[in-house]
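Trainee: Could we go through this structure together, term by term? I would like to know how each label is earned.

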Amino acid sequence: ATTGFGSTVGWLAEFDTPGVTYPVPLVLIVWRAGKIIRRFSIGLSFYSWSFYAHGTQVAYHVGPLHFESKSHCELHDIGSGRLIAQWDGDLGSRDRPDWTAELNH
């Protein structure tokens, strides 16, 4: 995905995981101006992610590989990596935060 400005891109890095027959997306990598500027990983599988706030922030939905009871979403500043907000709930809810709008299961 890109920010729309053509200057920042991101992708998920997948890894082999014991007991799982397919690669699991465990790291979100953000690249700008010819170099990796941030890696996000919290030990859970990434379901979805998106840029937010004109590409200065990144939102993502992470969770276990199976049997997720509610969606865990986080919003981070790309420059510092700082956690700005987090939310646990139903991504189908109309009451979810605006920054989760592009996230899905």
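**How the labels are earned**

Trainee: Why is H54 called exposed?

Mentor: H54 has a relative accessible area of 68%. Exposed means over 50%, buried means under 20%, and partly exposed is in between, with a 1.4 Å probe and protein chains only. The 68% of H54 is over the cut-off, so exposed is the right word. Before we go on: this is a predicted model, in which local features need pLDDT of at least 70 and side-chain atom pairs count only at pLDDT 80 or more, while totals for chains, interfaces and linings use all residues. Residues are numbered from 1 along each chain as its sequence is written, and side-chain values use heavy atoms, with hydrogens and water left out.

Trainee: Where is H54, then?

Mentor: H54 sits in the loop between β4 and β5. Strands here are DSSP runs of E with at least two residues, numbered from the N terminus (helices are H or I runs of at least four). A53 has its place in that loop between β4 and β5 too.

Trainee: What makes the backbone of A53 and H54 worth a look?

Mentor: Phi is positive at A53, at about 55 degrees, although A53 is not a glycine. H54, another residue other than glycine, has a positive phi near 55 degrees. Most residues other than glycine have a negative phi. On accessibility, A53 has 30%, so A53 is partly exposed.

Trainee: How do you know that β4 and β5 are paired?

Mentor: Two strands pair if DSSP finds at least two bridges between them. β4 and β5 (residues 57–63) run antiparallel and are joined by 7 bridges, so they qualify. One such partnership takes F46 to V62 in β5.

Trainee: Which sheet does this pair belong to, and what makes a strand of that sheet an edge strand?

Mentor: The sheet is open, with 4 strands in the order β4-β5-β6-β7 and antiparallel pairing. β4 (45–52) and β7 (83–89) are its edge strands, as each pairs on one side only. From one strand to the next, the twist averages 15 degrees. Such angles are taken between axes, lines fitted to C-alpha atoms (for helices over the stretch in contact), and run from 0 to 180 degrees between N-to-C directions.

Trainee: What is the strand order in the sheet of 3 strands?

Mentor: That open sheet has the order β1-β2-β3, with antiparallel pairing. β1 (8–15) and β3 (35–40) each have a single partner strand, so one side of each is left without a neighbour in the sheet. Neighbouring strands are turned by 30 degrees against each other on average, direction ignored.

Trainee: How do you know that β2 and β3 are partners?

Mentor: By the bridge count again: β2 (residues 24–32) and β3 share 5 bridges in the antiparallel sense. V30 has R38 in β3 as its bridge partner, and R32 has K35. The two strands form a hairpin with 2 residues between them, and A33 in the turn has a positive phi of about 55 degrees.

Trainee: V27 is in β2; is V27 buried or exposed?

Mentor: V27 has 14% relative accessible area, so V27 is buried.

Trainee: Why is the pair of W49 and F51 called edge-to-face?

Mentor: There are 3 aromatic pairs in the structure. In the pair of W49 and F51, the ring centres are 5.1 Å apart and the planes stand at 85 degrees, so the pair is edge-to-face. Rings of Phe, Tyr and Trp (its six-membered ring) pair if their centres lie within 6.5 Å; planes over 60 degrees apart count as edge-to-face, under 30 as stacked and the rest as tilted. W49, at 15%, counts as buried, and F51 is buried at 13%. Elsewhere, ring pairs link F40, F46 and Y60 into a cluster.

Trainee: What makes the nonpolar surface patch?

Mentor: W11, W31 and I36 make that patch, of about 260 Å². Patch members have over 30% relative accessible area and no salt bridge, with nonpolar side chains (Val, Leu, Ile, Met, Phe, Trp, Tyr) joined within 5 Å and like charges within 9 Å. A salt bridge is a side-chain nitrogen of Lys or Arg within 4 Å of a carboxyl oxygen of Asp or Glu, and areas come from the Shrake-Rupley method with a 1.4 Å probe, only the protein chains shown counting as cover for residues. I36, in β3, has 36%, so I36 counts as partly exposed.
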